[in-house]
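I opened the notebook to go through the charged contacts, then a surface patch and a helix. The structure goes in here before the entries.

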Amino acid sequence: MENKIVLELSSVDMRFGGVLALDNVSFQVHEGSLTGIIGPNGAGKTTVYNIISGVYKPSSGTVFFMDQDITALRPHQITHLGIARTFQNLRLFARSSALENVMTAAQNRYRTSFLEAMFRGYLVPAARPDDDYRYSFLEASLHVGRWGRVERRLREKGMELLERVGLADRAEQAAGTLPYGMQRRLEIARALALGPKLLMLDEPAAGMNPEEVLELNGLITGIHRDFGLTTLVIEHHMNMILNICSHVICLNFGAKLFDSESDEDVDIMEIAKVREAVQHNKDVLAAYLGSDDAKEGEAV
Amino acid sequence: MKKSLFINAGIIALSLGLAFYPLGGYQEGIVILLCINCVAAMGVSILTGFTGIFTLGHAAYMALGAYTTAILTVRYGVHWLPALLAGGLIAILVAWLIGVPTLRLTGDYYAIASIGLGEAIRLILENWQSFTRGARGFPGIDPYTTRGLAVAMFAVLTILMFNLLDSRLGRELRASRDDDVAASLLGFNTPHSRMKALLISAFYCGIAGGLLGGYMSFIQPSMFDMMKSTELTAVVVFGGLGSMTGTLLGSAAITLIMEYFRDISQYRMLIYGLLLVVIMVFRPEGLLGNREIWDFLPHRSGTHSFGKGRRS
């Protein structure tokens, strides 16, 4: 791929006490790609997300985002740089309305600017609050100045995103009372409200029925296309990943088994071939189905 | 936007009523006490109700405000208004010193630290005889807290509080209350969010303390003991966590009930305890739950205050 590398993990290890949750995981995500990470439960997929978003610090290894080492940054700083994520076990603000959830994210939009970075003497872009969505403490406490304008803009932005995920008519409903599938879509809207450069979805189809999954596939590919957004999706439903992703990474027991980009015999532009490649990769199948080969392998 | 105008107008109307309704000397005293208690309770409410940090030591900030104002006006002849603000600022400063080590962590660390803080401040005030006159108390404060001043302070601080809650800061605090991890991944520096809430809350309590000093014209450390701290938090829980009008209502109710039973003052705490038990049994979420009072009215827009969603 000629595209720029947006995200790169380089030999990341993650240890929880004696457990090696991630073992020397490296991969790259290219700008504008739709990358899927698959693997059975406990393979370390969510751990990868937690490391990228800064919730965990890796035991060793480095994470680069837009050529910048973000390994040591705190979660909110990483968010400011342009990574947004959703959660496997929904983390909405349950008592707040759907719109409020999205507005809470939208008020934290950041811009990355090269100019500012150069003033500060860095070669990588620096994140700077997006002034269109800000107002000062004084304006907030007196409800004067930019307060009204910005609040209206936040509301419009929120409604626009709710509309995009099909929740506009539920805007005033408490997020915790929405049906499960809608809560998942609300999480996507909330992540989009941050105006990210990289969107990371953590098992977006968990707990959905087949029709809902189909609808979700459309939503994810639609967002990926319309926003031109680099997207990373975790799933353990292999079919979904294979249907929508152009780049597939498979994890098992914390180690990378398979990467459709580095495995040379696969032409990654052709999704069908990816599917075939994945499905014919014995290790991947073994990880899912526990084939005889795998058992023998373990015994040796 | 229109709603914020209505709220502000409502507060001003209420305050004008409190300030100009003809009352006797005794009732006037109750109004002053009501305003002071409401200001302090709002301070605790933004921290406990809207940011989710329990505190059992906020009387300490009241004590700091009261003593700073008293010492500045009596010893140094400063006008009461700058002295009052200085009291609030000293409370902010101490809150910041306490917050830096404790607010990095979530959970009950601040609650534990606040008990220590409350007792430490009280003991310092009791033992620093040369400066605070110790347990004998600090007499001779100019009674600058008139009904007008108390109500004006109440009005201004209430308007500021409601405006702040209906702004980006309000959303930030509620986000870090509801889910710390999600808030930090939405770009909030959550220790900073908690710190903001603590500083605002300390300022409110500091001002309340300064007003109390000017009303009583005599302060002593035992007025700001653990009992006062728990009372502040209890009022907020009584009114409903996450409801500012609930806090005001709860604070008013408790102040009036306590005042009503002043004759049998040795049983006051008994009544107080009973009241809390009753509310916890019949409305465990507090008087108003996490709603504001106007959310109970039938309304057209369907929007609840401060982004709270409808339940269906």
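Entry 1, the criterion. I count a salt bridge where a side-chain nitrogen of Lys or Arg lies within 4 Å of a carboxyl oxygen of Asp or Glu. The model is a predicted one, and I kept that in mind throughout.

Entry 2, a pair in chain A. I looked up A:E139 and found it in a salt bridge with A:R146, with the closest N and O atoms 3.1 Å apart. I then checked cover on both partners. A:E139 has 13% relative accessibility and is therefore buried, the cut-off being under 20%. A:R146 has a relative accessible area of 31%, so I noted it as partly exposed.

Entry 3, the full search. How many salt bridges does a search of the whole structure find? I got 19 over all chains.

Entry 4, a pair across chains. I picked out A:R91 and B:D179, whose side chains meet in a salt bridge at 2.7 Å, N to O. A:R91 sits in the chain A loop between β6 (83-85) and α3 (98-106), and B:D179 in the chain B loop between α8 (168-178) and α9 (180-185), so this pair joins two chains. Is A:R91 buried or partly exposed? I have A:R91 down as partly exposed, because its relative accessibility is 26%. B:D179 is at 11%, so I logged it as buried.

Entry 5, a pair within one helix. In chain B, I found the side chains of B:R122 and B:E126 in a salt bridge of 3.1 Å, N to O. Both residues belong to helix α5 (residues 109-127) of chain B and are four residues apart, about one turn of the helix. B:R122 counts as buried because its relative accessibility is 16%. I also recorded a network: A:R95, B:R177 and B:D178 are joined by salt bridges that share partners.

Entry 6, a nonpolar patch. Which residues form a nonpolar patch on the surface? I listed B:L274, B:V277, B:V278, B:V281 and B:F282, which together have about 530 Å² of accessible area. I placed one of them, B:V277, in helix α13 (residues 268-282) of chain B.

Entry 7, a helix in chain A. I checked the length of helix α7 (residues 180-193) of chain A. Its 14 residues should span 20 Å at 1.5 Å a residue, and the end C-alpha atoms are 20 Å apart, so the two agree. On cover, I found 13 of the 14 residues of α7(A) buried, and noted the helix as mostly covered. Just after α7(A), I found A:G195 with a positive phi of about 65 degrees.

Definitions and conventions:
Residues numbered from 1 in each chain as written. Chains lettered and ligands numbered in written order. Predicted model: local features only at pLDDT ≥ 70, side-chain atom pairs only at ≥ 80, totals over all residues. Heavy atoms only, no water. Buried < 20%, exposed > 50% of the residue type's maximum accessible area, 1.4 Å probe, protein only. Patch = residues over 30% accessible without salt bridge, like charges linked within 9 Å, V, L, I, M, F, W, Y side chains within 5 Å. Areas by Shrake-Rupley, 256 points an atom, 1.4 Å probe, with all protein chains shown as cover. Expected span 1.5 Å × (residues − 1).
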